[in-house]
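Q: I'd like a close look at one part of this complex, a helix and what surrounds it. Could you walk me through it, starting from the wider setting?

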Amino acid sequence: MIGACLRALMSHWRRRPLQLLAYLGGLALATALWSGVQAINTEARASYDAAAATLGEGQFDQLVPRQGASIALEEFLALRRAGWLVSPVIESAQDGLRLVGIDPVTSPTGLSMLAGGIAPGEFAGRERPRLFANAESAARLGDRAEVVINPDIAPGVAIGDVGDLQRLLGRDDLSRLVVLPEQPRLQPPLSEIAPGLRLQPSQQVADVAQLTDSFHLNLTAFGLLSFAVGLFIVHSTIGLAFEQRRGMIRTLRALGVPLRMLIALISAEMLMLALLGAGVGIVLGYAIAGLLLPDVAATLQGLYGARISGTLALRPEWWLSALALTLLGTAAALTGRLWQIARMPVLAAVRPRAWSMASAARGRVQALLSAALLLAAAGLALRGVGLIAGFALLGCLLIGAALALPLLAGRVLRRAEARATTPIRAWFWADTRQQLPGLSLALMALLLAVSANIGVSTMVSSFRLTFTSFLDQRLAPELYLQVESAGQAAAAEAFLMARGKEVLPLYSARSEVAGQPARLFGVRVGPTYRESWAFLGSRSDPWESVEAGEAVIVNEQLARRGSLWVGDEVQISPDLRLPIAAVVGDYGNPQGQVVLSEAMFAALYPDTHAASFGIRTDDPASLREQIVAELGLPDSAMTNQAALKAMSLEVFDRTFTVTAALNVLTLGVAGFAILMSLLTLADQRLPQLAPVWALGLTRRRLGRLELLRALVLAGIVFLCALPLGLALAWVLLTIVNVEAFGWQLPMYLFPLDYAWLGGYALIAALLAAAWPALRLMRMPPSALLKVFANER
Amino acid sequence: MASSPPGALAARACARPPQGGRILRPPGQPHALASGRAEPDEMQHAKDRLLKKPDPAAHRVANSVLGRGKHLSRQSAILLFVLLLWPCMALAQGFSGLGTTADEGFAMPQPGPVFDFPADHGPHPDYRIEWWYITANLTGPDETAYGLQWTLFRSALAPGEAEGWASPQIWFAHAAITTPDRHFATERFARGGIGQAGVEADPFRAWIDEWVLEGPDFDTMRLTANGPDFGYEMQLEAQGPLIFQGEGGFSVKSGEGQASYYYSQPFFAIEGVLHLPEGPVPVRGDAWLDREWSSQPLSERQSGWDWFSLSFDNGEKLMGFQLREGDEAGFTAATCIAPDGSTRAMPDGAFTAQALNTHEVAGRRLPTRWLLSLLDCGVEVTVEALNHDAWMGLSIPYWEGPVTVQGSHTGRGYLEMTGYE
Amino acid sequence: MVLEFQEVRKSYRDSEGTVPVLQGVSFALEAGQTLALTGESGSGKSTVLHIASGLEAADAGAVRVAGQDLTTLDDPALARLRREEIALVFQQFNLIPSLTVAANISFHAALAGRVDQAHIESLAGALGLEAQMGKYPEALSGGQQQRVAIARALAARPRLMLADEPTGNLDEGTAGQVLAQMLDLVAQTGAALMLVTHSPAIAARMDRQLHLRGGRLT
């Protein structure tokens, strides 16, 4: 009996392969989106962790030379013999790779043990140094050392034993010392043992972790959104499969298949297919992730300097979570349908009429829930603090709006129906409204997709606009020259001054301001600064007071994190406290910055020379040649503004490639949801269409009306999505961005972009409706006639 | 461990991971070190055991690690895996060039040794494992009993010495103080060749970081160690001669011939200051120093050992150990030491040790009361731990602490136990 | 007795209260006998059929099929009874659209676990379906589809066959043919047949006729 039953159930798919494809496709798409985002996320996280753990950065304090980049072995030994538990690290950058040598015996990091595959035993009598690196780095290392490939080594890094690295680099010194977390009871002060070393606390790196976390939070939010859209699809596809087999299921029961067995068989069948679909989805997600990951890697590196690997590994946590979520989603959708089966009268015909009746009661609950969520969103917008509150706000807003959509659309359609002047129009509106319950899930998916699209593109474009004008301000000098020594600096300045150019030397030093690590900049106040810098807030003529050494300018990050603004005083050094003359927007840099006059900087750091010069010139190319020829500086020491700007913009464009790509995917998936829902409705709708057809509307006309209906619905959705998307953008820009990145972006509106998006949404809906409409147009009259024959 | 058969520690380290917390928290290195002493066969065996019959403790660790945060877990799991297997694998690779038999490359202890002092107080880099091991029974001003341990281990990954980072020698050290109700222990690690740790024979100096055992000769020495929450500065003064364990310093560890060079200075008077969290405590008492080096591990059947060094109130001393084979008593050896330093080495079986209780510490059960008998020397005593929780929860965990002696003789001493699950 | 109703009562609930449908219906049907159940729309004919097939439960009274009291059976047992003893033929054919005619015909027998290929072939031959065996139901005319449904019912060798307006969707000529063939085959297999119809002409071709009015037999 089981065999016969299963054969009957499965025969449906054999006869309707397109539906099978739709079911599997829906599941696969939902899984793919989720698992793709998850894969990117986990991969990036794992990469940081590997990076942090292998290098011992972020976790441990370090001892670094006050000057230069070299620590003698004797200094290390003196520290150890004084009871300072430190572990040596030698480091060098070569061909874009960091070569890091550690001592696995004393290193505090667990993963250094992995690097410790560099078993101390192995170098005894080993001819060649051995390095450990991931495949990507290994390829770049070439054959200068024996390379052991290990995927868990941080990208861009090759690790070896400190002794091997010394041999490889031809050095006998060390670069820095990692301070172990547990130190003995007695310890002389560092200044007595190693006055040339400075303790660098681990905290600095933690900031980067926060920033990258926020990026991942963004991605995770996006992943959840796409999964929600995916669940709509799973729901629709399962609805489709059930709707189409309703008759068969009734017949099976009438022929004596027990209800319980039928439910078990259908569950098994659907879950097996779901498993298959999810499997395909995971492969697809892997492909999506693989395509997007290089961009994510570039994004994070550009934004935060955090390096992640551009390669992808199959990690159980993301594909398992994708599988679990898809199966759970399927099971949830299935439960509802099975419940219907259990209660379905075996012989009575079930008509869509029941649907709309049920949804009237559901509508009230939905309206209440929606109102509650939107209220909560408003509350969070006014009162919420922190990133989590920001995301909770986003969630409440989106779900609340999605729930409100069918009610709102229903009202619009009713009004249109009331105003209809011809019977056909009245029928059109009424029929559209009747379809609303069946389509509402798909329409919600479309709403979420479109508004996310609007929100994110508003944010990206606002960001880009702000950033471009920021670059124009900040990178006003046409040419930048970098120097390495005080001598070079003096020579360069004299050379440039002699040619009557406006020269903008830039001094910089790391320090701590308002309790956070910050960079101090010494600038020569001149026309360029006065003209090109725009401030978020300033007192009158801020440059005047900076030049006079009476005030400083700080960047927004510093101001916001320190709860400071124009007029507040900041402690610049132990005996220097100055008011803030202006706050400047600083995008794409996580660190705090303080701008001082050249003279003030020189007083604080008398030994520091200008590290770079900005030069105003009409002819950067020839000046560049002169500098190379006459000053003997390498060409590589110079950058021209255009290149720098292009590079910076590229970084920020890549930042959102991922988001944009996911946007397109989400919209596609929403289109798919509409298609599924329309297909589900198509067969149920025959009884409603047949009478209209019988009354004289051609099938072609009916088909066209179907297309029009999809457009109308998509149009309504888009009109709802527009304010929702803008609200989303507002939340992203003024709440989430400030919480996550520390700066606020002005919000710009891009009506043309929205128009395009509206167009895309309509196209997606049109494409989704095309197939069902075409089926209707080509439907043989007998099929429509059957409706009458079968109707009792 | 003072008399522990060389290599047993190594076998342990390879076969069994230390506690989970230790693996994730630095320092996690000692596997590497310990493994240095394992023989390829032994290591293969240990590896097989890990791969085919995962150790329950390892499972527990793995589970607890995997149970943590999402992105931590994967990495930690890999890390854990590597940590469990690496030392063994790395060494298996490392020694493959040296040959397949255990002894190749490393010097082996031979019967009838002739010691050359003070040179032999210094390191023997051609042997795989060596230690300078001090335990002391101490008394405070209020008659409170204390125990103290200071051990410097040398472990060679390959025989011989080389300059700088190329040295195949690894040094590590353990220090501990035991009070009746608390136990402090800490450890240090160092690479050989660069001067962070080492031993010089004349004048004698053994050091790792700021810890030292040094003096103009082997009879008068200064001893210091520091941990995060304790430390000590002691002065040692020899009150008797060196004594030689086994056959003139050739100490056999099994019926299959595993052996080490082993001599002791059991007659140290010791005094100084213990630094405890509540403040300094002046103490005095007696100390026992063991010197031992070898290249051979335990026999494969031996799972752990119980080692006793006892100083009786009548001036006699006793060193005895048993090497357990599974749950059974296996090979035993002992040395009876007269107050004048004359010794009688006892053959296998003469010394017996019978556990009288089991005590749970660090999730394992082990005996902390023993009935010892060595009838040839007229000894039948009960030995009980001063502090039953003297667990050395270090990278290589074991039990080591002071004991009191009752029965045919009274006195005090030290007990070390390894290999208890 | 293949089918026996004793004082069967059934009522439905709707928005205006309880509507009695059957108010004490009693009759019996023996093996090999054919019975027509007639009555106006809403007289409760279909309810009798549903109760007889175990698809609906009676509120009161006893219903016995092949000696088993349906009121004492749970859903799996009822399903088993339907599978093994009863065959249903409906007005709207109820074929499985994704199975071929052949598979549809043997389907009920397969569920009951007693596929007799020779029997199926002879049924198909008697109903003129040999040429259609490989086709799908949608390619068949209404009369052919109902013949498939009849073949499916008889292939399961039921002791009781229940038919609900089996020719209601067919034109008069076809309806007569199909009915004749069905009665022939039912007679051959020895099953009992209860047929619900509002057509006096069809009812007249049965061994017995019962007429329902106001929930009672008259």
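**A helix and its surroundings**

A: Let's start with the wider setting, in chain B: taking contacts between residues at least 6 apart in sequence, 61% join residues at least 24 apart. Please keep in mind that this is a predicted model. Chain B has 6 helices and 25 strands, and 57% of its 421 residues count as buried.

Chain A is built from 25 helices and 18 strands. Of the 792 residues in chain A, 46% are buried. In chain A, 81% of the contacts between residues at least 6 apart in sequence join residues at least 24 apart.

One residue shows what such a contact looks like. Leu728(A) sits in helix H23 of chain A, and its C-alpha atom is 9.8 Å from that of Gly395(A), although the two positions lie 333 residues apart along the chain. Leu728(A) has 26 C-beta neighbours inside 10 Å, so it counts as buried. Setting aside residues up to four places away in sequence, Leu728(A) touches Leu394(A), Leu397(A), Ser451(A), Ala452(A) and Gly455(A).

Now to the nonpolar cores. The largest has 188 residues, and those with the most contacts inside it are Leu446(A), Leu447(A), Val717(A) and Met161(C). Helix H23 of chain A, residues 699-741, supplies the largest share of this core, with 19 residues. A second, separate core holds 98 residues, among them Ile129(B), Phe218(B), Leu372(B) and Ala390(B).

Met161(C) takes us over to chain C. Beyond its neighbours within four places in sequence, Met161(C) is in contact with Ala87(C), Val89(C), Ala153(C), Val186(C), Ala191(C), Ala192(C) and Leu193(C).

That brings us to the part I would pick for your close look, helix H3 of chain C, which covers residues 101-112. Of the 12 residues of H3(C), 11 are buried, so this helix is largely enclosed by the rest of the structure. The buried ones are Val101(C), Ala103(C), Asn104(C), Ile105(C), Ser106(C), Phe107(C), His108(C), Ala109(C), Ala110(C), Leu111(C) and Ala112(C). The cover over them includes H2, strand S6 (86-89), H4 and H5 of chain C, together with helix H1 (2-15) of chain A. After H3(C) comes Gly113(C), which has a positive phi near 75 degrees.

Take H5(C) next, one of the elements covering H3(C). The axes of H3(C) and H5(C) come within 6 Å and cross at roughly 35 degrees, and the crossing is right-handed. On the H3(C) side, the contact is made by Val101(C), Asn104(C), Ile105(C), Ser106(C), Phe107(C), His108(C) and Ala109(C). H5(C) brings Val148(C), Ala151(C), Arg152(C), Ala153(C) and Ala155(C) to it. By class, the residues of this contact are 8 nonpolar, 3 polar and 1 charged. Ala153(C) is also one of the residues in contact with Met161(C), and Met161(C) belongs to the largest nonpolar core.

H5(C), residues 142-155, also packs with H4(C), residues 117-126: their axes come within 10 Å and cross at roughly 150 degrees. H4(C) and H5(C) are therefore roughly antiparallel to each other, and their crossing is right-handed. Here His119(C), Ile120(C), Leu123(C) and Ala124(C) of H4(C) meet Ala151(C), Leu154(C) and Ala155(C) of H5(C). The residues of this contact are 6 nonpolar, 1 polar and no charged. Ala151(C) and Ala155(C) thus appear in the contact of H5(C) with H4(C) and also in the contact with H3(C).

H2(C) is another of the elements covering H3(C), and H3 in turn helps to cover the buried residues of H2(C), along with strand S4 (60-65), strand S5 (68-69) and S6 of chain C. Those buried residues of H2(C) are Leu78(C), Ala79(C), Arg80(C), Leu81(C), Arg82(C) and Arg83(C).

Finally, there is the side facing chain A. The contact between the two chains takes 20 residues from chain C and 20 residues from chain A. On the chain C side, the elements giving two or more residues are helix H2 (75-84) and helix H3 (101-112). H2(C) gives the most, with 6 residues. By class, this side of chain C has 9 nonpolar, 7 polar and 4 charged residues.

Terms used: Residues are numbered from 1 along each chain as its sequence is written. Chains are lettered from A and ligands numbered from 1 in the order in which they are written. This is a predicted model: local features need pLDDT of at least 70, side-chain atom pairs count only at pLDDT 80 or more; totals for chains, interfaces and linings use all residues. Axes are lines fitted to C-alpha atoms, for helices over the stretch in contact, and angles run from 0 to 180 degrees between N-to-C directions. Helices (H or I, at least four residues) and strands (E, at least two) are DSSP runs, numbered from the N terminus. Angles under 35 degrees count as roughly parallel, over 145 as roughly antiparallel, 65 to 115 as roughly perpendicular and the rest as oblique. A crossing is left-handed if the near helix is turned anticlockwise from the far one by less than a right angle, and right-handed if clockwise. Two residues are in contact if their C-beta atoms, placed from the backbone, lie within 7 Å. Ala, Val, Leu, Ile, Met, Phe, Trp, Tyr, Cys and Pro count as nonpolar, Asp, Glu, Lys and Arg as charged, and the others, Gly among them, as polar. A nonpolar core is a set of buried Ala, Val, Leu, Ile, Met, Phe, Trp, Tyr and Cys residues joined through C-beta atoms within 7 Å. A residue is buried if 20 or more other C-beta atoms lie within 10 Å of its own, exposed if 12 or fewer, and partly exposed in between; C-beta atoms are placed from the backbone.
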